[in-house]
Every structure is written in C-alpha cells, then in structure tokens.
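Morning, everyone. Let's walk through one protein model together. Please look at the structure first.

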Amino acid sequence: MPSNKSVSDAPIVQFTNCRILRDHQLQREDLWVREGKILNPEKLFFDEKGSADIQLDCKDSIIAPGFIDVQINGGFGVDFSLATDDFKSGIDLVSQKILSHGVTSFCPTLVTSPPSVYHQVLPQISVRNGGAHGAGILGAHLEGPFISKEKKGAHPEHCLRTFESGAFQDLLATYGSLDCVQIVTLAPEMRRSSEVIRELTKRGICVSLGHSVANLSQAEEAVQHGATFITHLFNAMLPFHHRDPGIVGLLTSDKIPAGRRVFYGMISDGIHTNPAALRIAHRAHPKGLVLVTDAIAGMGLAPGRHTLGQQVVEIDGLNTYIAGTKTLSGSVATMDTCVRHFQEATGCSVETALEAASLHPAQLLGIEHKKGTLNYDSDADFLMLNDSLYVQATYIAGEEVWRQDVSGM
C-alpha cells in the first residue's frame with residue numbers, strides 16, 4: 001500500500017514481531033517511527049490514511065528506550081577530567097563506543113579538578129543530539145570539588161574546595177561557566193551550600209548530594225532547597241546508622257516536599273555495592289533508582305594503570321583502585337552489564353531493570369517527554385535486546401547506529 005504523503009514525505013518504518021516496553025510493561029505491539037519520532041499508529045491510519053514504507057522483522061526482540069548514563073568519567077583510554085588538545089576527539093570516541101552498550105545519551109562527568117581543568121574542558125563540551133556519530137550529550141556532570149575531605153574517595157585532596165563568603169560566585173569562578181552543565185555533585189553539610197543549591201536549581205541544574213558526611217537533617221534541608229539526586233548511593237557517604245541514617249535516609253524520609261521525588265544513583269557492577277545493599281535500596285524506593293556506570297578511562301581496556309583526573313588508578317579484573325591503595329575509583333562496568341547485574345541481584349522484572357537505566361534518569365533530568373520512554377512523539381532512541389538483556393542493536397532518532405555482529409559468533 002502506498003503511504004499518504006500529505007503530512008510528511010519522510011518514510012514510515014514499522015518494527016514488527018517485537019515486545020515494546022511501554023507504560024512499565026512489555027507489550028506485544030509494533031513500533032512506528034517517522035522523522036526520528038515515535039508515531040501513534042491510530043493517528044497515522046485514521047487521520048492520514050497512511051501505512052508503513054518499510055517493515056522490519058525484529059524476530060521477537062525486546063524493544064526498550066535507549067539507556068541514559070548520567071555519571072561516566074570516560075572510557076576506552078579517554079579521561080574527561082584531563083585537559084587535552086584533542087579533548088573533542090576523545091569525547092567523540094567514547095560517545096561512539098558506548099552505543100554498543102545501549103547508551104544513547106550521557107552526561108560526561110568530571111571528577112574534582114583544579115579550576116584550570118574546568119576552564120579548559122567545559123567550553124569543549126556541548127549539548128548535542130546523538131546519531132551515527134555516537135550517543136547524545138545531555139550536558140556535563142561536575143562531581144566536586146565542593147565535597148567532603150573525609151569522604152573524598154578517589155578525588156584528589158589538594159583540589160577540594162569550600163564555599164567562601166560569595167559562595168555561588170566562588171563556584172562560578174571555579175568552573176568558569178555553567179553553560180553546558182547538567183548536574184553538580186556537592187556535599188550539603190558544607191557551610192553556605194544552601195544558597196548554592198538554590199542558585200543552581202534556579203538555573204535548571206540538577207544538584208546531587210555525594211562525597212559527604214551529611215546527617216539526615218542536612219540532607220533533607222538540601223532537598224528542601226532543590227537537590228534531587230544522590231551520587232552513587234552508599235559509596236562515599238556515612239554508612240547507614242539506625243539513629244541517624246545520613247543521606248541514605250532520604251530514601252524513606254517523610255520530609256521530602258510534596259510532589260518531589262529524590263533519585264539516587266547505583267553502581268550495579270557487583271563491586272561497589274553488595275547485592276543485599278542493592279536489594280535494600282531498591283525495595284525501599286524503587287522509583288528513584290538510577291543505574292550509573294561511574295566508568296573511568298580504563299573501561300574497555302586491558303587491566304593495568306590508567307588515569308582518573310589527577311590520579312593514577314589500577315585495574316584488576318572489575319576492581320579499580322587508586323594506585324597503591326585499596327580505595328575504589330570508579331568502575332569499568334558497562335551500562336548493559338549493570339542492567340543485567342541489577343536484574344539478577346534484585347530479582348526485579350525485566351521492565352524494572354530497563355527503566356532504571358532509561359525512564360528514571362530521564363525523569364531525574366526532566367526530559368521524560370522526549371527521552372527514556374517509547375511514548376508517542378518522543379525521540380526514537382531505542383534498543384533491541386534479547387531475553388537475557390544483551391543489546392542486539394541500538395537506534396537513535398529511528399536510525400540504526402550499532403548492531404551486534406553475529407558473523408563471528
């Protein structure tokens with residue numbers, strides 16, 4: 001049947017024989033795509049009298065929204081916290097390579113660095129759509145330097161900073177610009193952090209609490225001022241204590257403003273968080289869980305020595321340590337691995353595991369109207385996966401940008 005061209009000349013692609021993740025359930029429906037957007041087939045049939053130009057048999061694959069990684073420090077030898085002349089080609093390489101892990105959008109993350117690094121690197125990061133060139137860039141995640149010395153983790157102590165009397169101006173001077181910044185991680189117990197949280201939130205920047213010794217009331221106050229995220233829950237914060245659960249207590253706090261949801265990142269790599277801790281967090285607050293890789297430059301490379309900003313790190317299997325110590329420093333896990341581990345560790349549904357890497361990060365960033373779902377009119381960024389949640393193909397704006405090579409299997 002010829003398609004009706006009165007609305008658009010663009011071809012309509014119909015993905016058939018698939019199970020689509022929509023409204024929190026896998027549904028046996030076709031997926032319709034035109035001009036990079038997901039189409040409502042009823043409107044197509046009844047309003048336009050249109051039909052598909054191309055039909056693709058998905059061979060019973062799962063189709064899920066593309067993964068969104070809001071905390072990734074680099075990979076494949078590229079370190080986002082190193083100011084290099086070819087920084088742009090580095091970020092291009094990572095955005096290309098993570099397509100095979102199902103990541104269609106990400107926030108390049110900088111760990112605590114000297115101001116000169118922010119001033120050099122941030123102007124080279126620009127928000128952009130994904131495509132055949134690689135995953136889309138949603139804006140930078142600045143993790144530090146306004147964090148706790150006691151919970152610095154892999155962050156270099158000599159670069160840590162506190163807020164002085166003109167707290168927000170101090171932050172601006174440190175970073176140089178907030179033009180492309182999407183998330184800032186800070187320690188809420190620091191003096192003057194409240195005014196900084198308010199100012200960042202006013203500018204539409206997501207404030208995340210992390211690398212912190214905050215007690216629960218300090219964390220709740222930060223949320224009341226606008227903070228909405230917790231950076232890698234359990235890692236680099238006070239351990240849960242029954243008399244003062246600290247930041248972890250936000251998961252079940254009754255002091256969260258009405259209509260607000262607190263999200264929390266989890267590095268589900270089997271190293272950073274014991275499966276029992278993952279289960280506790282998930283059962284306490286399932287709708288807030290956001291899977292992050294916290295991947296470093298060594299992701300995708302052989303074991304050995306690599307960098308994380310100003311530090312040298314050592315990779316031993318899936319463990320990454322600051323060289324010469326047993327301090328964990330980011331991960332080398334890929335997002336699809338984290339999704340599979342999360343599902344296995346918690347026994348959650350396939351839908352829940354997939355949404356923790358797609359819908360929830362989109363909701364956190366306030367972009368769920370266009371990313372993180374397969375709702376009509378949203379961006380056609382999606383994955384084909386098998387039942388074991390291995391990525392078979394990655395699509396951005398309805399175009400195939402990566403496919404598993406089955407010839408060598």
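One term before we start. Helices and strands here are DSSP runs, numbered from the N terminus; a helix has at least four residues, and a strand has at least two. With that, we can place Thr 373: it sits in the loop between helix 10 (359-364) and strand 20. Keep in mind that this is a predicted model.

Let's stay with Thr 373. Is Thr 373 buried or exposed? It is buried, because its relative accessible area is 11%, and the cut-off for buried is under 20%. A polar atom of its side chain lies 3.1 Å from the backbone nitrogen of Asn 375. Leave out sequence neighbours within four places, and Thr 373 contacts Ile 38, Pro 65, Leu 359, Glu 368, Ser 378 and Asp 379.

Pick Leu 359 from that list. Leu 359 belongs to helix 10. It counts as buried, at 9% relative accessibility. Beyond four places in sequence, Leu 359 touches His 24, Gly 372 and Thr 373. Now compare sequence with space. Leu 359 and Gly 66 are 293 residues apart in sequence. Their C-alpha atoms are 9.2 Å apart.

Next, the domains. Domain 1 covers 13-64 + 373-403. Domain 2 covers 66-365. So where does Thr 373 fall, by that assignment? It falls in domain 1, at the start of the piece 373-403. The C-alpha centres of the two domains lie 30 Å apart. Domain 1 brings 20 residues to the contact, and domain 2 brings 23 residues.

How do we describe an interface like that? Its size is often given as the accessible area lost when the parts come together. Between domain 1 and domain 2, the buried area is about 1,700 Å². Carbon and sulfur atoms give 72% of that area. Which three residues of domain 1 supply more than any other three? They are His 24, Leu 389 and Ile 396, with 32% of the area that domain 1 buries against domain 2.

What about charges and polar pairs? The rule finds zero salt bridges across the interface of domain 1 and domain 2. Polar contacts do turn up: five residue pairs, with both residues at pLDDT 80 or more. On the domain 1 side, several elements give two or more residues. They are strand 2 (25-27), strand 5 (54-65), strand 20 (382-385), strand 21 (391-396) and strand 22 (399-403). Strand 21 gives the most, with four residues.

Now to the annotated sites. An unreviewed UniProt entry places the feature "binding site" at Glu 143, His 211 and His 232. Those residues span 90 residues in sequence, yet no two of their C-alpha atoms are more than 11.0 Å apart, so they gather at one spot.

Take His 211. It lies in the loop between strand 13 (206-209) and helix 6 (216-224). At 3% relative accessibility, His 211 is buried. Its side chain reaches the backbone oxygen of Lys 151 at 2.8 Å. Its contacts beyond four places in sequence include Glu 143 and His 232.

His 232 is in another loop, the one between strand 14 (229-230) and strand 15 (263-266). His 232 is buried too, with a relative accessible area of 4%. What joins the side chains of His 232 and Glu 143? A polar contact of 3.2 Å. His 232 also touches Gln 71, His 211 and Asp 294, among others.

The same kind of entry gives a second set. UniProt, again unreviewed, puts "binding site" at Ala 154, Asn 235, Ala 236, Arg 243, His 272, Leu 328, Ser 329 and Gly 330. This set spans 177 residues in sequence, and its farthest two C-alpha atoms are 29.7 Å apart, so the residues do not all gather at one spot.

Two examples from that set. Asn 235 is in the loop between strand 14 and strand 15. It is buried, at 15%, and it contacts Ile 267, His 272 and Thr 273 beyond its close sequence neighbours, those within four places. Ser 329 is in the loop between strand 19 (319-322) and helix 8 (335-346). Its relative accessibility is 0%, so it counts as buried. Among the residues Ser 329 touches is Ala 154, which is also on the UniProt list.

That's the tour. Thanks for listening.

Notes. Residues numbered from 1 in each chain as written. Predicted model: local features only at pLDDT ≥ 70, side-chain atom pairs only at ≥ 80, totals over all residues. Heavy atoms only, no water. UniProt positions renumbered as here; feature names shortened; annotations may be inferred. Buried < 20%, exposed > 50% of the residue type's maximum accessible area, 1.4 Å probe, protein only. Contact = heavy atoms within 4.5 Å. Polar contact = N/O pair within 3.5 Å; in protein donor to acceptor, adjacent residues only side chain to side chain. Domains from an automatic or database assignment. Buried area = accessible area lost by both parts, 1.4 Å probe. Salt bridge = Lys/Arg side-chain N within 4 Å of Asp/Glu carboxyl O.
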